[in-house]
Amino acid sequence: MPNIITIKKGLTLNLKGKAEEVELAAAARGTSYALSPDDYIGFVPKVIVQPGDRVLAGDALMYHKQIPELKLTSPVSGEVVAVHRGAKRKVLSVEVKPDATIEYKHFATEGLKGMERAEVLALLLESGMFSFFKQRPYDRLANPNAEPRDIFVTANFTAPLAPKFSYLVHGREDELQLALDALTKLTSGKVYVGVGAGELTGLQGVERVEVRGPHPAGLVGVLINHTAPINKEETVWTLKATDLLVIGRFLKTGKVDYSRTIALTGSEAKETGYVKVLPGARFEEALAGRLGKKDAHERIIEGDVFTGIKVDEEHERMSLGIDQITIIPEGDDVHELFGWALPRLKEYSRSRSYFSWLMPKKEYTLDARVKGGRRAMIMSGEYDRVFPMDIYPEFLLKSIIAFNINDMEARGIYEVAPEDFSVCEFVDTSKIPLQQIVRQGLDELYKEMN
């Protein structure tokens, strides 16, 4: 009998602009590609190239100072044109001007089934593929020197307008299975794969778990909490199944090819569908003229509306783990008389303040306005109604704010990541940046405990 988890607590936010299951024209080539160490929480960079050096796709650009074997590799071949630094010579990014035709460094990936754990791990580290691995506790770049108890993979994307993994994996099932075979060699425990209802029924050598229900049912934290929760001094690794497709292609071909298919979504997108991109390029170059319907009053987001990053001057390039681009109205040109106090049918309300709740299948266009000021946390149970983990979110958040380590440990800090509180943050009437609080708490706790 298959493992099935049914989630009742959560929120399905039905937004306009879903990606149609069509392949759009591929993104344009960028004039340069860059890697930023800030995309990898916990990575302390040591740059090993300098302007003028030539690199192949798959050559290392920098390594982790504390774990030298953990490297970030170039997505293209070409000339290193700049090492950008900020205050106190902090490394911001390494920029490469690509060749007309990409040349790849070759890795010996043949004979995976006969490899030992150390060989598979060394291959992933040297190629840069290990940068996709994250660990809990602390929700940061995984430490390859600590063998995980288990590995958890999420292939069920339930966030608003999220891509359908069944579409992305079609025709590439062998690459997914090859990557999963590699994962089984990295742990003496189990590899859990969270899937949607009836999907990926042919997986072998792993624990397939169907997770049903509203968002955040698809988050890896929910999968962990409902299958094998983390105890103190235990470590697990987590990945997205879309990253496994990149890893699987590498293991199949021996080439570091970071290209991936992403979903172009949102009510303000000129076109919606799936587009092939090579991460590292600037958004404005790769998708010039293909994003917003107009030049102003729009917000472009890398990711979904709950956990994504705003595309601006500080974040102008696609990260290697990109899966989705969402374009919604900014809302800075909207002026409403009496604001929320007016009765209306077209606006969304979780609390049923508007009569739109009578139309459960209605699609909404939401903008980026906060619609209210920050105020004290109200212990009303509104977080608990959308938080499906066996944790009391209000009490955990208060212990994080107070930085009471004993209380944080007792209330489940080691199991959570900021994304687990994204729906709580959306419904929060106090307008508190919950994900930021959790991120800061995890970072401070890591420093304290290490």
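Start with the seven-strand sheet of this predicted model. Select its strands in the order β1-β13-β12-β11-β14-β9-β10. The sheet is open, and its pairing is mixed. Now colour the two edge strands, β1 (3-6) and β10 (140-141). Each of them pairs on one side only.

**Inside the mixed sheet**

Select residues 191-195 and residues 207-212. These are β12 and β13, which run parallel and are joined by four bridges. Pick out Gly194, then Val209 in β13, its bridge partner.

Next, show helix α4, residues 220-227. Helix α4 lies across six strands by name: β1, β9 (134-136), β11 (151-154), β12, β13 and β14 (236-240). Look along β11 and compare directions: the helix runs at about 130° to that strand.

**Two cis prolines**

Stay close to the strands just named and display the backbone of Arg136 and Pro137. A cis peptide bond joins these two residues, with omega about 10°. Pro137 sits in the loop between β9 and β10.

Move to His215 and Pro216. Their peptide bond is also cis, with omega near 20°. Pro216 is found in the loop between β13 and α4. Such sites deserve a look, because most peptide bonds are trans.

**The four-strand sheet**

Now select β2, β8, β7 and β4. In that order they form an open sheet with antiparallel pairing. Which strands stand at the edges? They are β2 (33-35) and β4 (54-55). Each has a single partner strand, so one side of each is left without a neighbour in the sheet.

Focus on β7 (residues 78-85) and β8 (residues 91-98). Seven bridges join this antiparallel pair. Show Glu79 as sticks, and find Lys97 opposite in β8.

Then follow the chain from β7 into the loop that leads to β8, where Arg89 lies. What is the phi of Arg89? The angle is positive, about 60°, although Arg89 is not a glycine. Most residues other than glycine have a negative phi.

**β17 and its two partners**

Select β17 (298-302). Strand β19, residues 324-329, runs antiparallel to β17, and five bridges join the two. Glu298 has Pro329 of β19 as its bridge partner.

β18 (309-310) is the next selection. Two bridges join β17 to β18, again in antiparallel fashion. Here Glu302 is partnered with Ile309. The two strands form a hairpin with six residues between them. In the turn, check Gly303: its phi is positive, at about 115°.

**An aromatic pair**

The model holds 16 aromatic pairs. For one of them, select Phe306 and Phe426. Their ring centres are 5.2 Å apart and their planes stand at 50°, so the pair counts as tilted. The angle falls between the limits of under 30 degrees for stacked and over 60 for edge-to-face. This pair links distant parts of the chain, 120 residues apart. Phe306 is in the loop between β17 and β18, while Phe426 belongs to helix α9, residues 422-427.

**Enclosed space**

Turn on a cavity display. How many cavities of 30 Å³ or more are there? The count is two.

The largest has a volume of about 80 Å³. To see its lining, select Leu168, Arg172, Thr242, Leu245, Val246, Arg249, Ser259, Arg260, Thr261 and Asp323. Helix α5 (241-253) gives the largest share, four residues. β15 (260-265) supplies at least two. By type, the lining splits into three nonpolar, three polar and four charged residues.

The second largest cavity has a volume of about 30 Å³. Its lining consists of Leu15, Lys16, Leu161, Gly266, Ser267, Ile328, Tyr364, Thr365 and Leu366. Five of these residues are nonpolar, three are polar and one is charged.

**Last stop: an open pocket**

Finish at the second largest pocket, which holds about 560 Å³ of space. Its lining has 25 residues. Select the ones closest to its centre: Phe157, Thr158, Ala159, Ala162 and Lys164. Across the whole lining, 14 residues are nonpolar, eight are polar and three are charged.

How values were computed: Residues are numbered from 1 along each chain as its sequence is written. This is a predicted model: local features need pLDDT of at least 70, side-chain atom pairs count only at pLDDT 80 or more; totals for chains, interfaces and linings use all residues. Side-chain values use heavy atoms; hydrogens and water are left out. Two strands pair if DSSP finds at least two bridges between them. Contact means heavy atoms within 4.5 Å. Axes are lines fitted to C-alpha atoms, for helices over the stretch in contact, and angles run from 0 to 180 degrees between N-to-C directions. On a 1 Å grid over the protein atoms alone, a cavity is a set of points where a 1.4 Å probe fits but cannot get out, and a pocket is an open set with protein on both sides within 12 Å along at least five of seven lines; lining residues have an atom within 4 Å of a point. Grid points are joined across faces, edges and corners, and a volume is the space filled by probe spheres set on the points. Ala, Val, Leu, Ile, Met, Phe, Trp, Tyr, Cys and Pro count as nonpolar, Asp, Glu, Lys and Arg as charged, and the others, Gly among them, as polar. Rings of Phe, Tyr and Trp (its six-membered ring) pair if their centres lie within 6.5 Å; planes under 30 degrees apart count as stacked, over 60 as edge-to-face and the rest as tilted.
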